[in-house]
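Work through the exercises below with the sequence and the 3D view side by side. Try each task before reading its solution.

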Amino acid sequence: MLCRENSSLLTVSFRRPDESGRFFLYDLYLPFPHKCISMKVLKFGGTSIENGDRIRNVLNIIREAMQNLPVIVVVSAIRKVTDLLLESAVIASKGDTGYRKKLGEIERLHRELVHDLIEVSRTKEVEAYLQAELTELGDVLHGVCLLRELSDKSSALIMSFGERFSAYIISSFLCQEGVDASYADARRMIVTDTNHCDARVDMKASAKRIRAWFKGTDGVPVVTGYIGAAPDGTATTLGRGGSDYTATIVGSVVGADEIQIWTDVDGFFSADPKRVKDAYALPFISYEEAMELSHSGAKVLHPYSVHPAMKAGIPISIRNSHNPGAEGTCIGRSEKSDAWTERPVTGLSSINNVVLLNLSGSGMVGVPGIASRLFSCLARHMINIIFISQASSEQSISLVINLAQAEKARRILKEEFAAELASRQMESLTVRKHIAMIAVVGNNMSGHPGVSAHLFETLGKNGINVIAVAQGSNEMNISFVTDSHDEHKALNCVHESFLLSRRKVHVFIAGTGTIAKSLIGQIRDHSVTLSKEMELDVVVSGMANTRMMALRDGGIDLWKWESFLKPRDDGKTIGDYVERIRARNLHNTIFVDCTASTEVAESYPELLASNISVVTANKLGMAGSWKLYETIRDAQRSSNARFLYETNVGAGLPIINTLNDLRNSGDKIITIEGVLSGTLSYIFNELRKGEKFSEVVRKAKEAGYTEPDPREDLSGADFARKFLILGRELGYRLDYEDIECESLVPESLRGKMSVDEFMEKLSCVDADYDAKIQEASASDMTIAYAGEISEGKARISVKMLPVSNPVAGLNGTENMVVFTTDRYFDTPLVVKGPGAGGEVTAGGVFADILRIAGYLV
């Protein structure tokens with residue numbers, strides 16, 4: 001690097017490679033007082049200096065920086081003080097003397113800081129300065145209170161005291177600790193316009209003053225951030241977070257080697273870590289990315305602060321004063337040199353205290369000057385436009401502006417376009433509140449196909465409605481507007497989709513019985529494998545039964561999940577659980593029904609309408625009334641969520657998937673036959689071995705294959721519900737009553753009697769079954785309790801079947817479904833295997849969860 005001087009500018013010539021590796025000579029012109037001196041600018045935010053211990057930590061950071069280069073320090077007001085100043089001004093403007101209480105709190109914070117930091121021998125001088133400034137502040141507030149008027153000029157003056165207090169105290173403390181420091185009031189350096197509360201900087205005039213100031217200053221200047229002065233000398237402010245801007249203005253003028261922004265986070269994050277728990281600090285971002293993110297809501301850096309540093313080619317470091325050892329984030333020129341830059345998206349940011357203003361009408365089409373009048377009108381009234389979107393048909397223009405300016409904007413635009421609105425050339429001027437704007441930013445989005453498609457697919461799968469969208473021609477920022485209720489979900493799902501290698505689904509379980517317990521165990525035991533092989537985290541965020549509930553967004557510890565369940569003594573039902581799930585509005589949410597409850601099944605439409613996917617082992621939804629079935633199907637069709645119920649028919653067997661694959665691929669299903677009851681399959685398999693019917697039922701009950709009352713299994717009702725579901729899957733309009741189902745409970749035993757009495761009397765049918773077995777054997781056949789669906793009819797009964805029939809080969813509690821189709825006519829397609837049991841059913845539910853996870857992520 002070569003430095004050359006003339007009367008007003010420092011010319012820095014340096015060589016930089018282009019993308020091909022060739023070197024070119026560049027000249028950078030810096031205003032500087034006739035010498036090339038390396039130095040750093042260190043800016044400390046309010047949380048970095050909020051108490052004595054934090055300021056002592058700042059002293060250590062300054063000392064370390066001074067070992068290599070001279071430094072300039074820029075400070076904000078100590079934490080809370082800016083808010084207290086604003087509150088005191090607002091209270092005073094109402095004629096309320098309560099502002100004195102706020103003033104007293106401001107005084108207390110600073111006097112405590114002086115007593116903590118400053119030695120007794122130096123206290124008098126600092127106290128005298130502090131008292132003089134507090135007296136001036138009190139006089140200004142008193143005047144505002146008397147006039148009951150708070151002008152921008154008065155407000156800026158009041159707000160300037162925070163930085164004036166902190167800079168003086170810190171400079172005094174540094175001097176006391178052996179650092180040659182001096183207090184530097186930025187009102188003597190930063191020249192702005194007369195827009196006192198959000199002033200624009202006159203860089204040319206400011207550079208001249210800064211050069212003059214530092215030309216005669218040695219040691220470490222401690223500069224008041226955030227404030228400047230209008231040409232008439234009145235105080236102005238640079239907007240919230242303006243101390244960053246002060247630092248980069250000063251750094252760019254003096255030609256600093258680096259500008260360090262010391263704050264309370266480890267760097268510039270991929271998203272707001274308060275909203276996105278998986279956000280991480282970025283080691284590097286370009287100037288352009290930092291500008292886009294800060295303008296779109298990232299609070300770590302003032303929106304205007306990047307430009308001066310970028311123009312001068314000075315890197316900005318975002319560092320954590322609470323964790324000085326952290327690497328932080330470097331903001332500089334983009335150089336695609338490592339794997340880090342392979343991702344198209346660098347980070348996300350959002351603004352939620354905004355409104356969408358929409359001007360529309362067919363009379364706007366092809367009319368020159370509409371947009372010009374719109375933007376000029378807003379500019380004249382100092383209304384900042386954050387986002388612009390215009391339909392290609394020119395029928396509408398949408399703008400996002402700050403909520404505080406919404407009413408003013410609506411009023412002045414109604415005046416500006418009064419004639420067009422009256423003549424219906426413009427049909428409406430609307431203001432939509434409760435919205436958020438989210439920006440997806442990355443240098444590598446340019447020329448990277450599919451980014452927009454991926455973004456909107458991710459949002460759509462999570463049921464997030466995009467109200468408006470805008471993208472610049474440089475392709476590095478896609479901004480969209482959505483309801484503020486969906487901001488958190490949108491940030492998390494987009495961040496996960498673009499910026500994380502791993503994915504996450506949030507599971508909420510209804511029921512804590514056998515199936516649920518098995519499912520929880522399977523998720524727990526398989527979590528490491530899923531994480532390593534599929535880069536997927538299945539997070540159980542909630543579980544509930546009729547008596548207890550547990551909710552934890554970050555996930556319930558599945559090793560001790562029962563301890564998380566808390567009694568539900570409010571008397572509320574499943575509706576409350578569903579409402580709590582909906583209110584959380586987490587991305588990639590799956591509701592899992594492990595109950596046998598009609599009430600839970602009736603909640604499916606509401607869940608699907610909220611774009612919450614559903615996995616169910618509960619047959620009472622798809623085998624419920626036709627009205628409920630249709631409602632679920634309608635909700636499924638109108639939702640982006642998934643609804644899977646494979647276990648309704650064959651537990652872990654892929655029966656519904658197989659049926660749908662056949663139909664979707666164009667095959668015609670002629671008949672479905674089979675056995676879909678593990679209990680009844682066991683009973684008839686044992687009968688074929690020569691056992692008595694009553695003894696087989698008793699053995700099945702003792703083995704736990706039947707319900708506590710075996711009549712529930714022998715009635716065939718569960719089998720009938722499964723066939724009802726299959727019939728509906730084939731497109732038939734069926735109700736439970738349409739299923740012809742033979743009950744195995746003898747008519748003589750269907751009255752009221754205890755289970756024990758029923759079991760004692762069941763032997764009355766043993767002879768009948770012996771006779772059926774013998775009759776079938778005589779014809780080289782056997783008997784089975786099986787069902788058939790054909791031509792819109794479903795029948796379940798005891799049948800004689802050839803011994804060559806696949807059903808005759810069943811063992812134990814196996815289930816079987818036989819599909820006879822146009823393609824599988826001579827040799828039907830057979831699905832066979834265990835069709836009951838908690839582990840098997842839970843495995844089927846888990847498989848459905850993973851299918852949805854694959855769709856969502």
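Three exercises follow, on two sheets and a pocket.

The model is predicted, so local features need pLDDT of at least 70 and side-chain atom pairs pLDDT 80 or more, while totals for chains, interfaces and linings use all residues. Residues are numbered from 1 along each chain as its sequence is written, and side-chain values use heavy atoms, with hydrogens and water left out.

**Exercise 1.** Trace the open sheet of eight strands and find its edges.

Step 1. Strands (E, at least two residues) and helices (H or I, at least four) are DSSP runs, numbered from the N terminus. Two strands pair if DSSP finds at least two bridges between them.

Step 2. The order is β6-β7-β5-β4-β10-β12-β13-β11, and the pairing is mixed. β6 (181-184) and β11 (284-286) each have a single partner strand, so one side of each is left without a neighbour in the sheet. On average, neighbouring strands of this sheet are turned by 20 degrees against each other, direction ignored.

Step 3. Look at one pair: β4 (residues 40-44) and β5 (residues 71-75) run parallel and are joined by five bridges. Valine 41 stands opposite isoleucine 72 in β5.

Step 4. Add helix α7 (residues 242-254), which lies across β4, β5, β7, β10 and β12 and runs at about 160 degrees to β5. Such angles run from 0 to 180 degrees between N-to-C directions, with axes fitted to C-alpha atoms, for helices over the stretch in contact; contact means heavy atoms within 4.5 Å.

**Exercise 2.** Describe the open sheet formed by six strands.

Step 1. Its order is β15-β16-β14-β17-β19-β18, with antiparallel pairing. The edges are β15 (385-390) and β18 (468-471). Neighbouring strands of this sheet are turned by 30 degrees on average, direction ignored.

Step 2. Seven bridges pair β17 (residues 428-441) with β19 (residues 477-483). Aspartate 483 in β19 is the bridge partner of isoleucine 435.

Step 3. Helix α10 (residues 370-380) touches β14, β15 and β16. Helix α13 (residues 451-461) lies across β17, β18 and β19, at about 15 degrees to β19.

**Exercise 3.** Which helix gives the largest share of the lining of the second largest pocket?

Step 1. A pocket is an open set of points on a 1 Å grid over the protein atoms alone, where a 1.4 Å probe fits, with protein on both sides within 12 Å along at least five of seven lines; lining residues have an atom within 4 Å of a point.

Step 2. Among the 36 lining residues, the closest to the centre are Ile515, Lys619, Glu707, Asp718 and Ala836.

Step 3. The largest share, five residues, comes from α25.
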